[in-house]
Amino acid sequence: MGLVTAEQMKEARRWFTWAQAWADVDLDGDLDLFLTDLGLRAPISVLEKKPQSSRLYINEGTRFVDRTEEWGLLRWLADTPFFGVAFGDEDGDGYPDLFVSSPLTETSMLFHNVSGRRFEKSPQVFPEKGFTAAFVDVDHDGDLDLFQAGVTTARSSAERAMFHKNIGEYRGGYSAIFVQDGGRLTRREDAFEGELPANVMGASFGDLNNDGCFDFYLGTGNPEPWYFMPNLMYAGKRNGSSCTGTGENISMLQGFGNIQKGHGIVFFDFDEDGDQDVYSVLGGGWPGDKWVDQFFVNDSHLAGNSWIKLRLRGHRTNYYGVGARISVYTADDAGTPIVRRYFMDAGTGFGSKPYLAHIGLYKAKRVDRVEVYWPVSRETRVYHPEILQTTVLDENDGSIVTTAAR
C-alpha cells in the first residue's frame, strides 16, 4: 500500500490498535511488524476510534511499508475485529506463519507463509472467540502449539463462573491450547483444569518452579465497571520429568487470584536469583476502576530445580534471534532424558516476555547440549553452556559468554 507517512501516523492515533507482533516474515534478516485493530467502530463512546483493518508492515531497510494487500491478507482482515496476533512456524517449513485472534465466533484465522512472499489462509476453523495469542511448545515435542486466551461478555462469564448458571447457553471465555496433531492444531480439552470461563484481558506464561513446564497467568477483566473475577494462575503439570501440556488451577495460592482487572503480565527473574517473578498491570479503564500494579517476588526456593538462561545474538538472523527455536538436552540423576524447548518471541499481546530464554530443567545436574535453529541461515548450531548460568549464544561463531546468578 505504500510508505507510512507522518500524516498517516497522525491519523493512526485515531485507530484502535490492540496488539503487535514481530517476525521476519520474508527471512531477509530484519523484523517486520503486524498490528491488530478493532476493525470497526467501538460500541462504547469512550473507546470510539476510526475503523482500521489490521495491518502487516514489511521492514524495507529504512522504512516500514504497508504490504497487507500484497501479502494476500487484506481481503480476510478488512472490516473485521482482531484482538490478538502471534507469529510462529506452525507447519515446520522454516517460514513464520500468522495467527490472528478474534472476539467473534469462528473468525480467528491461521495463515501459512508461502516461501516468504505471501500468506494463504488455512482451511482450519477455530470456533472459539479469543483475545491474546502465542505460539508455544507446551509438551516439548518439537512442534509449536498455540495458546489462545478466551474472551466473552461480562454477563456470560459472571453467570457461568460465579453463579453456575446458563452453562450450556454461552460458549465464549474458555482459554485454549491447540496442540499439533498430524499437521493440524487440535484443541486440548484438559489444558486448563476446570475450564473456568473468563474474559481474559492480559496473559503471559513462564515457569515459576523451574520444572520446565509452562505456567500461565490470565488477567481477567472487562470494561464493565461492576465486573470482577479473580485472575487465574495455572501451574504446568508434570508426568515424571516430562510436561503434560496441562495446567492446574492454583489461583488462590500466593495471592494470584486478586480481583482487580488484569492487563499486561510478564514473567521475569527481576532479582536475578534464578527463579522467575511476575509483574502484573492491574486496573480497568474507568477512573473509579484504577488499581496499583502487583509484583510477585518468587522466594519459593524451588526444591533444588535447575535452570539455564539463554540470550541469542543473530547475524544473518535478526539480532535478538526472534523466530529461533531452542532445544536443551540433559538428564536427571537416574539418567532419564530431559528435553526442554523454547520459542524465541515477545510473548502475547497485553502481556510480554523478554528476549531471554529462561528454561527450567527440573532435577538436571548438567546440560549435555543446546541446539539452536537459526531461521535465516537455516542452520542448527550446537552449544555447550553451563547450568545455572546466563549464556549468550552467537549465530556466527558459537562463542558463549556466561554470568552466574547472584
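**Exercise 1. Asn 231**

Locate Asn 231 in this predicted model, state whether Asn 231 is buried or exposed, and determine which residues distant in sequence Asn 231 touches.

*Solution.*
- Step 1. Asn 231 belongs to the loop that runs between β15 and β16 (232-239).
- Step 2. The relative accessibility of Asn 231 is 0%. Buried means under 20%, so Asn 231 counts as buried.
- Step 3. Once residues up to four places away in sequence are set aside, Asn 231 touches Tyr 217, Leu 218, Gly 219 and Thr 220, together with Ser 251, Phe 256, Gly 257, Asn 258, Gln 260, Gly 262 and Leu 282.
- Step 4. One of these partners, Gly 219, is twelve residues from Asn 231 along the chain, and the two C-alpha atoms are separated by 4.9 Å.

**Exercise 2. The disulfide**

Find which cysteines a disulfide joins, and explain which parts of the chain the pair ties together.

*Solution.*
- Step 1. The count of disulfides comes to one.
- Step 2. The bond joins Cys 213 to Cys 243, with an S to S distance of 2.1 Å. This value satisfies the cut-off, a pair of cysteine sulfur atoms within 2.5 Å.
- Step 3. Cys 213 is placed in the loop between β14 (200-206) and β15 (215-220), whereas Cys 243 is in strand β17 (residues 242-249); the pair therefore ties together parts that are 30 residues apart in sequence.
- Step 4. The angle about the S-S bond is -90°, and the link of Cys 213 and Cys 243 is left-handed.
- Step 5. Both Cys 213 and Cys 243 are buried.

**Exercise 3. Two residues of strand β19**

Establish whether Ser 280 is buried or exposed, and describe the surface patch to which Val 281 belongs.

*Solution.*
- Step 1. Ser 280 has its place in strand β19, and Val 281 lies in strand β19 (residues 277-282) as well.
- Step 2. With 1% relative accessibility, Ser 280 counts as buried.
- Step 3. Neighbours within four places in sequence being left aside, Ser 280 is in contact with Tyr 217, Gly 264, Ile 265, Asp 293 and Gln 294.
- Step 4. Val 281 has a relative accessible area of 31% and is partly exposed. Patch members need over 30%, a limit that the 31% of Val 281 passes.
- Step 5. Val 281 forms a nonpolar surface patch with Phe 270, Tyr 279, Phe 295 and Val 297; together these residues have about 410 Å² of accessible area.

**Exercise 4. Phe 296**

Identify the strand in which Phe 296 lies and the residues that Phe 296 touches.

*Solution.*
- Step 1. Phe 296 lies in strand β20 (residues 294-296).
- Step 2. The relative accessibility of Phe 296 is 11%, and Phe 296 counts as buried.
- Step 3. Apart from residues up to four places away in sequence, Phe 296 touches Tyr 217, Gln 254, Gly 255, Phe 256, Asn 258, Asp 277 and Val 278.
- Step 4. Between Phe 296 and Val 278, which are 18 residues apart along the chain, the C-alpha separation is 5.0 Å.

**Exercise 5. Positive phi values**

Compare the settings of Ser 115, Gln 254 and His 164.

*Solution.*
- Step 1. Most residues other than glycine have a negative phi.
- Step 2. Ser 115 has a positive phi, near 55°. Ser 115 is found in the loop between β8 (109-114) and β9 (118-121), and at a relative accessible area of 36% Ser 115 is partly exposed.
- Step 3. The phi of Gln 254 is positive too, near 60°. Gln 254 lies in the loop between β17 and β18 (262-268) and, with a relative accessible area of 68%, is exposed.
- Step 4. His 164 follows α3 and has a positive phi near 55°.
- Step 5. In helix α3 (residues 154-162) itself, the buried residues are Ala 154, Ser 156, Ser 157, Ala 158, Glu 159 and Arg 160.

**Exercise 6. The whole chain**

Determine how many helices and strands the protein chain has, and why the chain is as compact as a globular protein of that length.

*Solution.*
- Step 1. The protein chain has 28 strands and three helices.
- Step 2. Its radius of gyration, 21 Å, is close to the 22 Å that the globule rule gives for 406 residues, so the chain is as compact as a globular protein of that length.
- Step 3. Along the principal axes, the C-alpha atoms fill a box of roughly 60 × 50 × 40 Å.
- Step 4. Of the 406 residues, 56% count as buried.
- Step 5. The accessible surface comes to about 17300 Å², and carbon and sulfur atoms hold 52% of this area.
- Step 6. Among contacts with a separation of 6 or more, 54% are between residues 24 or more positions apart.

Terms used:
Residues numbered from 1 in each chain as written. Predicted model: local features only at pLDDT ≥ 70, side-chain atom pairs only at ≥ 80, totals over all residues. Heavy atoms only, no water. Patch = residues over 30% accessible without salt bridge, like charges linked within 9 Å, V, L, I, M, F, W, Y side chains within 5 Å. Areas by Shrake-Rupley, 256 points an atom, 1.4 Å probe, with all protein chains shown as cover. Salt bridge = Lys/Arg side-chain N within 4 Å of Asp/Glu carboxyl O. Helix = DSSP H or I, 4+ residues; strand = E, 2+ residues; numbered from the N terminus. Buried < 20%, exposed > 50% of the residue type's maximum accessible area, 1.4 Å probe, protein only. Rg over C-alpha atoms; globule rule 2.2 N^0.38 Å. Contact = heavy atoms within 4.5 Å.
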